[in-house]
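Here's a model to poke at with a few quick questions. Have a look at the chain first, then we'll go through some strands, a helix and the empty space inside.

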Amino acid sequence: MQSCLGQPGTSPARREPAAVERPVAPGSPAGEPRPEPQEEVLLRNVRQLTFAGRRSGEGYFSGDGARLVFQSEREPDNPFYQIYLLDLRSGESRRVSPGKGKTTCGWIHPGGERLLFASTHLDRRARAKQVEELERRRVYTAKRRYQWDFDEQFEIFAADLGGKRLENLTRTRGYDAEGSWSPDGTAIVFASNREVYRRALEPEEKRILEHDPAYFVDLYRMKTDGSEIRRLTTAPGYDGGPFFSADGRKICWRRFSTDGRSAEIFVMNADGGEERQVTRLGRTSWAPFFHPSGAYLVFTSSLPDSHDFELFLVDSEGRRDPVRVTRKEGFDGLPAFSPDGASLSWTSSRGGGEGPQIFLADWNDGAARRLLGLEPGAPALPPTEPAGARGAARTVVEDLRREVTELASERMEGRLAGSEGGLRAAEYVGALLQSIGLEPAGDGGTFFQSFEFTSGVSLGPTNRLAFRGPGGEAGSAALDRDWRPLAFSATGRFGPAGVVFAGYGLAAPALGDVAAYDSFAGLDVEGKWVIVFRYFPEGVSPEARRHLAPHADLRFKAILARERKARGVLVASGPNARVKSQLVPLSFDAALAGSGLPVISLSDEVAAKLLEPSGKSVKELQDALDRGEPLRGFAVPGVEVEAEIGIVPQQRTGRNVLARLPAGKGVTAEAVVVGAHVDHLGRGNVANSLARDDEKGGIHYGADDNASGVAGLVRIARSLAEERAASRLRPRRDVLFAGWSGEELGLLGSSHFTRARKHGQKIVAYLNLDMIGRLRERLILQGVASSAAWPAEIERAGAPVGLPILLQDDTYVPTDATSFYVRGVPFLSAFTGGHEDYHTPRDTADRIDYEGIEQVSRLMLGLTRALAQTSRLPGYRKIGKPARSERGNLRAYLGTIPDYAQTAVAGVLLAGVAAGGPAERAGLRAGDVIVELAGRRIDNIYDYTYGLGSVRIGEAVAIHVLREGKRFERTIVPESRE
């Protein structure tokens, strides 16, 4: 049993153990670990088990493997560890220690009816120490390395599974802790420094006790009632963390050197005889635990020249070199096998967060034996899952497959909001929810809520652009070849007016070392057409580019011209822009309100004709501006422009699907909402399609985005309806199920829903499922920071599912959850990550992981069930929106697809690269980690977005990538997004 997390049992006075290297002869027993393969060879299905509290650790299984006892800092008024018991089948956990003072080292009796732990709750200063520690943490906010203090008030207690009927088994001054029962339940082995308090000490011993009480800790054995205590070890230095082998014949433990700078693993007979050292690493090796076979141990050890701790294996005789198990940055320690040896529990910081938490993984015993050179063990028995449960899981997967296949079929035509395919998909989802037995919650007693929206624009019957030169010569331009109005342009007739040139049409204040920029300085534009270049100067410094990018939106340029009373705006791309099309597309704009003046996109040829009387060419002007020269705007002599613009908004009707699982008769005062968007991109005729040129016009099937989420929602509804019908579910509040329309066009359906609910039923929480069909390493749960209650709820729902989960705090996410969060509703959004098929016709039903959808929906089912029944509702926590560069202001396109499931990775992990894009041509691929772009260090997605604003279209830059631990450089040539 161990006494700390992050650092093996050291007192504040003892320095952090150094990594002392001792020379080890080649091939010597239990010497330096040899290089080994990645940890996936030994650990599979790694998942975080605990999420709540500041930190958790030391998770030990019950004899039947159904429970786990662990310690955690999660009581609001007590900063110290308390002991908790987690039911791995239901996910329910409860505190079983008194809640007062410090506790550590829990253990479950092999009979399953009693608990063991060490506690200081009888200390008269227990509460005072809590207050002192809380105040210390309030004042000293800097993160510090964890340390243990070997409080002499620790006693070992036995209790029932409810934490009642406490029995003090030690009743002796000194540190008594780190106890565990023998497999037959008749004996307890523990660590104690009690002997030093029973005799007169020499002056040197007094000095050591004052500064390092752990020096005197030895191992003891007693009967289960606390009688017949016998000392097992007497060597100088800290002996601790003892555990019995599964057959009860051996005890393993760690022994620190007398200077506390290193520790090694030891094994002895259960009666204390035949001590044997099994590691000789010369570092800090601790926390040993026997595999149930007794053939080998897993333990924790420091790495050379590092503060990191990792897990290692060693054979029980110590005849072979240890084998390294974990390979993640940070802390991995305090391991424990399940009774059948098929699972490993350990404490790790790999999940991020404030402190370490407990992780579980499936253990590969065969691989462990091969790596240690041991004989094969008995073959592992298959899990004893009831046949009925296996059949039920298969039925769920078949339902999911059928529903995703139908939603992602040609019949649904890509499910574009407001289209025939979109309405057909809504009808299908509504029929599914009705067949389950849910009640309608839409308009007029139906399952649907309709709303009008502008889906796009088209050109009206009359659009004309004409101009006249200084000599009265007339000119005209062809629509869609030479010119095109922008979607937000004002419409009507706009009579002849003069022309001025205003550079890039920007106005940005000074920022730091970047000077102010004003294209309109000293220029009179009132009543005139203003020619401006698209985007912003190409050749200015990276800092200036990043500063100007947010001001370069064409709407902002139109606003600046309107405020200066211009007649209209004429936009030219210019040759330096290197765009795919010189004319700005007439694309849908979610903020479709007009700009109040005509805004027209011109070809470079027409722009050149208009500027010709000035004696300056388009290329000449753009080159000067791109070099950062102080070029002032000017009037173009003798030129007039007139236009007639007709733009027709395209109105459509979206249709949300709404159904209710009632808590009782009538509508309750509160509701939980579970949602998933039904719509997708149709045939890609919207701005956010990522189809290749050869895929343009093809159906965007949207199997993952978001037929997978809708199928998961239907599964949750079906399960809860069945539970309620069987009286296994007694909800306190209604559960609303929503299939949203218009998410891809700007969260239209969910926004309409939340705006329309100004009064009446209160929404207490929102659960979202968006793209849950490509489960790879883990599920991402977004929005965790929206409520302080979420980590504990996720822990409870996640334990029975066994799903690897990554928590992300982001509360402003590009999905329907944001419609709820901005109106004061806490949320969680499930997402399995991006991929190369995102927003392309390749997102098809045959590429979906249906077993993964089943797992994700089972987790969300547990969360929904808990929220429907709980009396403790999650509170809303408002988080400021993070500052970040908006993609809409980025010109550069590299064709990279970030993996938003990355955790402690420094850089940007790629889920894939777009086919035919710059990244693919540069040799990048899925799994690469971008760590540098154009000389700029990349630590995260925000650095990467920031860096993209610094590169120039068509100009090769260096990109540095980590691949399988090796760094290499490639050259990449950015393209224009448009």
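Q: Which residue is the bridge partner of K250 in β16?
A: This is a predicted model, and in it strand β15 (residues 250-256) pairs with strand β16 (residues 263-269) in the antiparallel sense. K250 finds its bridge partner in β16, and that partner is N269.

Q: How many bridges hold β15 and β16 as a pair?
A: The two strands sit next to each other in an open sheet with the order β14-β15-β16-β17. Their own pairing is antiparallel, and the count of bridges is seven.

Q: Which are the edge strands of that open sheet of four strands?
A: The sheet is open and its order is β14-β15-β16-β17. An edge strand pairs on one side only, and that picks out β14 (239-244) and β17 (276-277).

Q: What residue in β4 does F70 stand opposite?
A: Another open sheet of four strands has the order β2-β3-β4-β5, with antiparallel pairing. Within it, β3 (residues 67-73) and β4 (residues 82-87) are joined by six bridges. F70 faces across to β4, and the residue opposite is Y84.

Q: By what angle are neighbouring strands turned against each other, on average, in the sheet β2-β3-β4-β5?
A: The sheet is open, running in the order β2-β3-β4-β5, with β2 (55-61) and β5 (93-95) as its edge strands. Ignore direction and average over neighbouring strands, and the turn comes to 25°.

Q: Which residues of helix α9 are buried, and what covers them?
A: Buried here means under 20% relative accessible area. In α9 (residues 618-626), V618, L621, Q622, A624, L625 and D626 meet that cut-off. Their cover includes β30 (492-501), β32 (517-518), β33 (529-533), α8 (604-611) and β36 (634-645).

Q: What phi does G628 take, just after α9?
A: Helix α9 covers residues 618-626, and G628 comes just after the helix. Its phi is positive, at about 85°.

Q: How much space lies in the largest cavity?
A: The structure holds two cavities of 30 Å³ or more. For the largest cavity, the space is about 90 Å³.

Q: Which element gives the largest share of the lining of the largest cavity?
A: The lining has 16 residues, and those closest to the cavity centre are G422, A426, R655, V678 and S741. By class it splits into eight nonpolar, five polar and three charged residues. Elements giving two or more residues are α5 (420-436), β37 (647-661) and β39 (734-740). The largest share, four residues, comes from α5.

Note on methods:
Residues numbered from 1 in each chain as written. Predicted model: local features only at pLDDT ≥ 70, side-chain atom pairs only at ≥ 80, totals over all residues. Heavy atoms only, no water. 1 Å grid on protein atoms, 1.4 Å probe; cavity = no way out; pocket = protein on both sides within 12 Å on 5 of 7 lines; lining within 4 Å. Points joined across faces, edges and corners; volume = space filled by probe spheres on them. Nonpolar A, V, L, I, M, F, W, Y, C, P; charged D, E, K, R; others polar. Buried < 20%, exposed > 50% of the residue type's maximum accessible area, 1.4 Å probe, protein only. Contact = heavy atoms within 4.5 Å. Pairing = 2+ DSSP bridges. Axes fitted to C-alpha atoms, helices over the stretch in contact; angles between N-to-C directions.
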